[in-house]
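Please look over the sequence and the model below before reading on. The paragraphs that follow go from the whole chain to a few chosen residues.

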Amino acid sequence: MGADLRAVFRLRGSTRCRPGYTPPVDEVPAAALVEWHRATRRAFPFRTPLPREPWAVLVSEVMAQQTQIDRVVPYWERFMARFPTVEALAGAPEGDVLELWSGLGYYRRARSLQEAARAIVEHGWPRTARELAALPGIGPYTAAAVAAFCFGDSEPPVDGNVARVAARIHRLALPLGDRKLLVAGRELLSGLSEAWPAAEVFEAVMELGATLCSPSSPRCLLCPLRPKCEAAHHGDQDRYPLPRPQRSTEDQRWVAIWVEREDGRVLLRQVQGPLLAGLWLPPLRPLAEGDVPRDVAGALASGHGFAGRLLPCLPVEHGITHRRITVLPFLLLAEPRAAELPPDLRWAEPGAPGLATSSLLGKLMRVCRPA
Ligand code: SF4
């Protein structure tokens with residue numbers, strides 16, 4: 001057992017139910033796991049035979065960071081058709097990248113991926129997890145996954161699925177994201193991969209966590225790791241891992257103006273950030289303490305060269321990470337504007353395919369569209 005794992009289990013007095021327990025990492029039935037994986041693994045276009053093409057894997061891993069892997073497939077196919085190589089993304093205009101990312105959210109990831117692509121074009125592909133983790137926006141998990149699946153590195157990639165499996169196998173009462181659980185996940189993968197190709201074992205445990213060992217209803221009767229799973233033995237799988245500590249939420253209020261032409265096109269502005277930067281949305285402005293929403297909406301309209309009657313619409317709730325934002329929209333009944341729009345404004349169909357926007361646009365459309 002590695003020193004790291006010994007450190008984890010020294011802590012076990014407070015995290016485990018049975019004192020003196022030694023985790024059976026080296027006894028876990030790796031052969032049954034690999035056999036199960038070969039028989040049941042889901043086919044994805046980026047899951048080609050090992051070793052894999054790093055660009056395809058990197059894009060899929062970055063896309064899957066906040067989205068279930070099966071939902072990623074159409075976005076990945078569209079993105080790879082437009083940016084089939086790292087060079088294609090490195091040289092693309094940012095607007096094109098954001099448009100192809102539309103629907104996945106977390107646009108900062110798309111920007112970081114482009115920065116990483118530029119670094120790879122300049123310096124070549126890093127081949128180890130440690131080197132890959134130095135690329136912009138590439139965390140330890142993604143770096144280890146690309147290094148293992150594409151370059152044969154043996155650094156174990158521990159995502160939330162692997163951490164959940166480790167927590168249940170060893171009955172570790174720790175929240176996802178806890179460093180000790182990360183260490184337990186790495187030790188689990190390392191122990192399992194001693195007698196098997198590491199990348200295949202890594203993917204098998206990740207797949208097991210994503211399919212059988214689901215957060216709320218694990219299907220233990222089908223699980224190849226069940227003979228060594230302490231939580232399954234005790235029948236308390238639901239208790240592991242612990243829920244993540246809640247991050248305190250921050251409430252904000254914003255004002256938006258909705259200006260729509262007769263042809264159904266709506267005035268959109270490219271947001272300058274820090275939130276939603278680069279996306280096209282109706283003009284928005286955060287409200288400060290004591291601001292009168294209608295006055296702010298009027299100022300927002302005149303600041304964009306529009307004047308007219310403002311009609312309040314129903315408020316819209318929108319979340320961005322830990323922020324809970326209430327948007328107060330106003331429908332602006334304005335005369336058509338003859339002057340040409342500056343580059344950060346455009347008239348656009350709200351549902352147009354490929355528009356780099358946020359789901360907030362759809363929410364505003366539902367409450368603001370004139371009948
Ligand atoms: S036996 Fe059940 S709880 Fe244990 S790893 Fe398998 S699916 Fe998860």
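**From the whole chain to single residues**

In this predicted model, the protein chain contains 16 helices and eight strands. Taken along the principal axes, its C-alpha atoms fill a box of roughly 75 × 45 × 30 Å. Of the 371 residues in the protein chain, 39% are buried. When one considers the contacts between residues at least 6 apart in sequence, 65% of them join residues that are at least 24 apart.

A useful place to begin among the strands is S2, which covers residues 266-270 and pairs in the antiparallel sense with strand S8, residues 345-348, over four bridges. Strand S2 is also joined to strand S3, residues 280-281, by two bridges, and these two strands likewise run antiparallel. Which residues stand opposite Arg-269 in S8 and in S3? In S8 the residue opposite Arg-269 is Leu-345, while in S3 the residue opposite Arg-269 is Leu-281. When following the side chains here, it may help to recall that in a regular strand they alternate between the two faces of the sheet.

Turning from the strands to a helix, one finds Arg-111 in helix H8, which spans residues 107-123. Is Arg-111 buried, exposed or partly exposed? Arg-111 has 17 other C-beta atoms within 10 Å, and because a residue counts as buried at 20 or more and as exposed at 12 or fewer, Arg-111 is partly exposed. As for its position relative to Gly-95, the two residues are 16 apart in sequence, and their C-alpha atoms are 10.0 Å apart in space.

Note on methods: Residues numbered from 1 in each chain as written. Predicted model: local features only at pLDDT ≥ 70, side-chain atom pairs only at ≥ 80, totals over all residues. Contact = placed C-beta atoms within 7 Å. Pairing = 2+ DSSP bridges.
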